Amino acid sequence: MKSPTSTNMNISGRKRNSQETSQMKSKKVKPDDTALIAETVTLNSGKEMPIVQFGTYKMKGEDCYKAVVSALRVGYMGLDTASVYDNEKEVGRAVVESGVARENLFIQTKLWRSFVGPAKNGKPKCDSELRKSLKKLGVSMVDLWLIHWPGPGRHLNYPPVKVGMDRPKVEKVENKEKMVPMNWSPDMRLDTYKEMAKYVGKEVGALGVCNFSARQLTQLLDFCLTNNLPRPAVVQNEFHPLLLAREVRALCKREGIVFQAYASLGAGSLGLMDNKVVKMIASKVGVSEAQVLLRWGLQHGCALLPKSSKEERMKTNRDIWGFKLSKEDMEELDSLDKSKEGQNTMAGWLREQDPDYY
């Protein structure tokens with residue numbers, strides 16, 4: 001399956017030939033008794049991953065549980081969570097109680113940045129963190145396990161920079177060394193990836209990374225080649241019209257890695273949903289502002305992680321296959337880019353350096 005912008009992703013949403021028929025799966029969602037097409041992309045591991053998955057960032061407790069149940073009911077076949085989201089248990093409970101067979105779902109979670117390197121007993125911290133995630137999710141394996149951040153853990157009360165979106169970041173020198181672990185080094189993320197790789201093919205389907213810069217991803221790919229390790233299958237980074245992440249996306253395309261966008265709708269402080277260009281295109285095409293932004297990401301060859309607590313919005317966020325943005329619409333949205341060269345975060349990680357700092 002191919003799109004105009006990617007060698008490994010289909011965005012048509014229609015079965016046009018035998019190749020697409022073999023890669024796109026029809027799956028039944030029990031609560032609605034409805035056959036729904038779950039458009040997928042083939043990872044470099046050979047695994048099929050839904051292009052549009054349900055994101056759970058900031059969802060907690062019963063609200064998270066109810067939202068995931070609803071998402072599964074309306075047809076989402078992929079779920080994104082993380083150990084630091086503190087909702088893996090609710091996601092797992094929703095999967096069990098939804099009636100959707102585990103083998104029909106794609107579940108991904110992330111290793112938090114404080115758990116790189118060895119523990120006091122000398123064993124890799126990631127080992128116990130994976131066991132915890134599997135237990136909370138109630139599964140024997142996850143389809144994708146990602147490193148959440150390329151740098152060290154930080155104490156929230158002692159951020160390394162002044163909080164905000166302004167560039168360049170203003171460093172708080174007094175907090176520079178307040179990190180977890182205290183002896184963190186760039187080699188530690190590579191060593192941790194190597195430890196994570198021993199689970200691939202068993203408890204883990206494939207590996208990925210989040211928030212990596214092009215330099216860091218290139219370093220990791222070289223490390224994988226040297227050490228005969230499975231390459232990352234997915235890079236999950238912030239991406240929306242205000243932050244185009246051109247360098248990382250181009251590298252992913254060259255290397256056959258799926259670029260998975262988060263914050264596709266922007267954060268509230270960015271005001272993307274109220275942007276006059278976005279609203280004008282939505283009105284012209286006859287769809288919602290969210291659908292415009294998601295379809296824009298799709299046409300850029302990205303996998304997506306929309307989230308909502310409202311079932312009707314969950315449905316419309318998935319309903320992005322029946323229309324296409326024109327070349328002029330795409331260019332107008334691209335022109336909204338406000339990022340600096342090499343910038344990989346904007347709405348997220350306001351208390352942090354840009355990822356490439358590490």
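In this predicted model, the side chains of K279 and E289 come together in a salt bridge, with 3.2 Å from N to O. The two partners sit ten residues apart, K279 in helix α8 (residues 276-285) and E289 in helix α9 (residues 289-299), and the pair links distant parts of the chain. Buried would require a relative accessible area under 20%, and K279, at 37%, counts as partly exposed. E289, at 21% relative accessibility, is partly exposed as well.

That pair belongs to a wider set, for the structure holds 16 salt bridges. Another one to look at joins the side chains of R73 and E311, at 2.6 Å from N to O. R73 belongs to helix α2 (residues 61-74) and E311 to helix α10 (residues 311-318), so this salt bridge ties together parts that are 238 residues apart in sequence. As for their surroundings, R73 is partly exposed at 24% relative accessibility, and E311 is partly exposed with a relative accessible area of 25%.

Now turn to K198, which forms a salt bridge with E195; their closest N and O atoms are 2.8 Å apart. K198 has a relative accessibility of 35% and counts as partly exposed. E195 has a relative accessible area of 27%, which again means partly exposed. Charged side chains can also join in a group: K47, R102 and D143 are linked in a network of salt bridges.

Let us move on to how helices pack. Two packed helices are described by the angle between their axes and the distance between those axes. Take helix α5 (residues 186-197) and helix α6 (residues 214-227), whose axes come within 11 Å and cross at roughly 50°. With that angle, α5 is oblique to α6. The crossing of α5 past α6 is right-handed. If you would like to find this contact on screen, select R189, L190, D191, Y193 and K194 on the α5 side, which meet R215, Q216, Q219, L220, F223, C224 and N227 on the α6 side. By class, the residues of this contact between α5 and α6 are five nonpolar, three polar and four charged.

A second helix pair is worth a visit. Helix α3 (residues 88-98) and helix α4 (residues 125-137) pack with their axes 7 Å apart, at an angle of about 40°. Here too the angle has a name: angles under 35 degrees count as roughly parallel, and the value for this pair makes α3 oblique to α4. From α3, the contact draws on E88, K89, V91 and G92, while α4 supplies S133, K136 and L137. Sorted by class, the contact of α3 with α4 holds two nonpolar, two polar and three charged residues.

The last stop is D354, in the segment after α11 (327-334). Which residues is D354 in contact with, once its neighbours within four places in sequence are left aside? They are R167, K169, Q343 and T345. You can also trace a line from D354 to N211: the two are 143 residues apart along the chain, and their C-alpha atoms are separated by 9.0 Å.

Key. Residues are numbered from 1 along each chain as its sequence is written. This is a predicted model: local features need pLDDT of at least 70, side-chain atom pairs count only at pLDDT 80 or more; totals for chains, interfaces and linings use all residues. Side-chain values use heavy atoms; hydrogens and water are left out. A salt bridge is a side-chain nitrogen of Lys or Arg within 4 Å of a carboxyl oxygen of Asp or Glu. Helices (H or I, at least four residues) and strands (E, at least two) are DSSP runs, numbered from the N terminus. Buried means under 20% relative accessible area, exposed over 50%, partly exposed in between (1.4 Å probe, protein chains only). Axes are lines fitted to C-alpha atoms, for helices over the stretch in contact, and angles run from 0 to 180 degrees between N-to-C directions. Angles under 35 degrees count as roughly parallel, over 145 as roughly antiparallel, 65 to 115 as roughly perpendicular and the rest as oblique. A crossing is left-handed if the near helix is turned anticlockwise from the far one by less than a right angle, and right-handed if clockwise. Contact means heavy atoms within 4.5 Å. Ala, Val, Leu, Ile, Met, Phe, Trp, Tyr, Cys and Pro count as nonpolar, Asp, Glu, Lys and Arg as charged, and the others, Gly among them, as polar.
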